[in-house]
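Could you walk me through this model in the viewer, one selection at a time? I'd like to know what to click on next and what is there.

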Amino acid sequence: MIRLLAALCVLGASTFSATAQDNYWVQIEARRTLTGAQDRAREYAGTIDSVHGYYLGDGFYGIFIGPYTETNAQTALGTLLSMGAIPSDSFVKDGSRFKQQFWPIGGQQNTRATLPSDDTAALASSVEDTPVTPSNETVAEARASEAELNREEREELQKALQWAGFYSAAIDGAFGRGTRNAMQAWQVANNREATGVLTTRQRALLFEQYNSVLEGTNMRLVRDDASGIQMQIPTGVVAFSEYKPPFVRFDASAGIPEVQVLFISQEGDAGRLQGLYEIMQILSIVPTEGARRLTDTGFEIEGIGSDIHSYTSVTREGTDIKGFTLVWPANDDDRRERVLDIMKASFTRLDGTLDPSIAPPGEEQAIDMVAGLAVRQPQLSRSGFYVDDAGIVVTTPEAVAQCDRITLDREYEAEVIATDTDLGVTLLKPVDQIAPLDVAEFGTRTPILQDQIVVGGYPYNGVLSAPTLTFGQLIDLRSLNGDDRLARLSILPQPSDAGGPVFDKYGAVIGMLQPRIEGSSQVLPPEVNFAVDADQIVAMLNSNGIAATTSEAAQEISPVAMTRHAADVTVLVSCW
């Protein structure tokens, strides 16, 4: 066998190391598997010198001839194509982003390749057993090279066509009419002959387009034995930060501050899985919009916000609960979807789960943090109370002003059905029907001045998980300016108690606590507060078709019973 020595031998008679300028290559093939690429590199190396193989990232292994300067690489490409020595869809590629060398075995040092000479053409024409590819791959030849693709490679091709916007059918690896039409449409869009069969070069170009969106992400396989998780993550934009069970945190490292990756790993049963599902949804990295799905064996949460778009997937196998979260900037969907697809496909469960004691001891804890991640907080929280079995809530208009969304107990979505700004009362209705543990009963007897009253509310913006009681006295049945719709109280509530029910000693609601008016020229003592009279609230309920419950109880209830009743009636109203 006569080798193509003159075409690709080392420059001159001596061996020179490649320089920084000699980093351009003639790419002759790319494969999706290392074994396949090594086999092809071995075949080429049997007839051609200076064959090298490099991992390109994203699952591609390239076979190259070189290195050259850029000008010489272009000249070499044209000459070698005209000789039929290399595939017709070969092209020049900058080697600055090549990764690990896989051929020759052992990663031998590159040497500078020389241009083909006239003698080379003569030698090449005399080679009888050297495979020759025509300069223009025919449809039959394209079909033949396509037939060598395995199912995974065919599915990847469909995914690339789908990403490019030309394919919308199932990813099944079957090249039917839909796939052929997509290939033809891609060829037309890229100024190629519309045959419906992609040549080897066209497939490579499609995948270059497909993977160009990943530029800078540097997707690499990361193995974390502590959590028992292995997967590809965008190491170009995130780096390991810390262990915060059940999370392994990879925080933004460069360029894109919104990016974050979490490995999730813990032991537990279905109940523990559900608890994790609920915790994830209160984190600030998981916006409230987006699809949610929970089963006994796993869950998915998509969070779509104005600034970030996150995705979480967790599954349970036996007592091992494992998964991941990807947080990405909003409005960068093409790149996010490609990164997410690679992460999903590469996610691998290893032995073991994250040890809860792996976090450094003595770290600061905070009520607004979970495992070092910020809990999403409302912009304002106030109190309210249930007034019927359908979950209608009475609160103050201050609680719902300028909100994108309203929640009851931070769990149930609610909407405004009526507001009387003059009276200072708003009615809320849960979006999905709920069943309150108890509802307010409005007192029908005339309150007695100097009697003890109790306000149920959520002080400190709902930091406490249950409502608290604040005790005071009823001072007057009118406001300071004589408005008989308001009662004057002597009590020291917190701002977020506003909207809460005011109970008499019998457990009946005699009003709703109003927020203090700030910025007034007249500053009242802190214990002077006001409540909207119960009769006014009942009238508003009736006018909106809501039947209020009344009470004529004449027996005082114990502090324990009052606490229980107030907890069942009072609700946290949050503005987001």
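Start by selecting F385 and V394: V394, in β19, is the bridge partner of F385. This is a predicted model, where local features need pLDDT of at least 70 and side-chain atom pairs count only at pLDDT 80 or more, while totals for chains, interfaces and linings use all residues. Residues are numbered from 1 along each chain as its sequence is written, and side-chain values use heavy atoms, with hydrogens and water left out. As for names, helices (H or I, at least four residues) and strands (E, at least two) are DSSP runs, numbered from the N terminus.

Now widen the selection to residues 380-386 and 393-395. These are strands β18 and β19, which pair in the antiparallel sense over three bridges. (Two strands pair if DSSP finds at least two bridges between them.) In general, strands of a sheet pair through backbone hydrogen bonds, either parallel or antiparallel.

Next, bring in helix α11, residues 534-543. α11 packs on the sheet and touches β18, β19, β21 and β22 (425-430); contact means heavy atoms within 4.5 Å. The direction of α11 makes about 45 degrees with that of β22. For such angles, axes are lines fitted to C-alpha atoms, for helices over the stretch in contact, and the values run from 0 to 180 degrees between N-to-C directions. Then add helix α12, residues 559-569, which also packs on the sheet: α12 touches β18 and β31 (570-575), and its direction makes about 35 degrees with that of β31.

Zoom out to see the whole barrel. Six strands close it, in the order β18-β19-β22-β21-β20-β31, with antiparallel pairing. From one strand to the next, the twist averages 40 degrees.

Which cysteines does the disulfide join? Select C403 and C575, with S to S at 1.8 Å. The structure holds one disulfide, a disulfide being a pair of cysteine sulfur atoms within 2.5 Å. The link of C403 and C575 is left-handed, with -120 degrees about the S-S bond. Distant parts of the chain are tied here: C403 sits in the loop between β19 and β20, C575 in strand β31, and they are 172 residues apart. C575 has 1% relative accessibility, so it counts as buried (buried means under 20% relative accessible area, exposed over 50%, partly exposed in between, with a 1.4 Å probe and protein chains only).

Hop over to R410, in the loop between β20 (406-408) and β21 (412-420). R410 has a positive phi of about 55 degrees although it is not a glycine, and with a relative accessible area of 29% it is partly exposed. For another one, try N218, in the loop between α8 (200-212) and β6 (219-224). Phi of N218 is near 50 degrees, again a positive value in a residue other than glycine, and N218 is partly exposed at 24% relative accessibility.

Now for the cis peptide bonds. One joins G66 and P67, with omega about 10 degrees; P67 is in strand β3 (residues 60-68). Another joins W103 and P104, with omega about -5 degrees, and P104 is in the loop between β5 (101-103) and α4 (118-125).

Last stop: helix α3, residues 70-83. Show the side chains of A73, A76, L77, L80 and L81, the buried residues of α3. Look down the axis of α3: these buried residues fall within an arc of 125 degrees, so they line one face of the helix. (The arc is that of the directions from the helix axis to the C-beta atoms.) On the other side of α3, T71 and S82 are exposed. Step past the end of α3 to G84, whose phi is positive, near 75 degrees.
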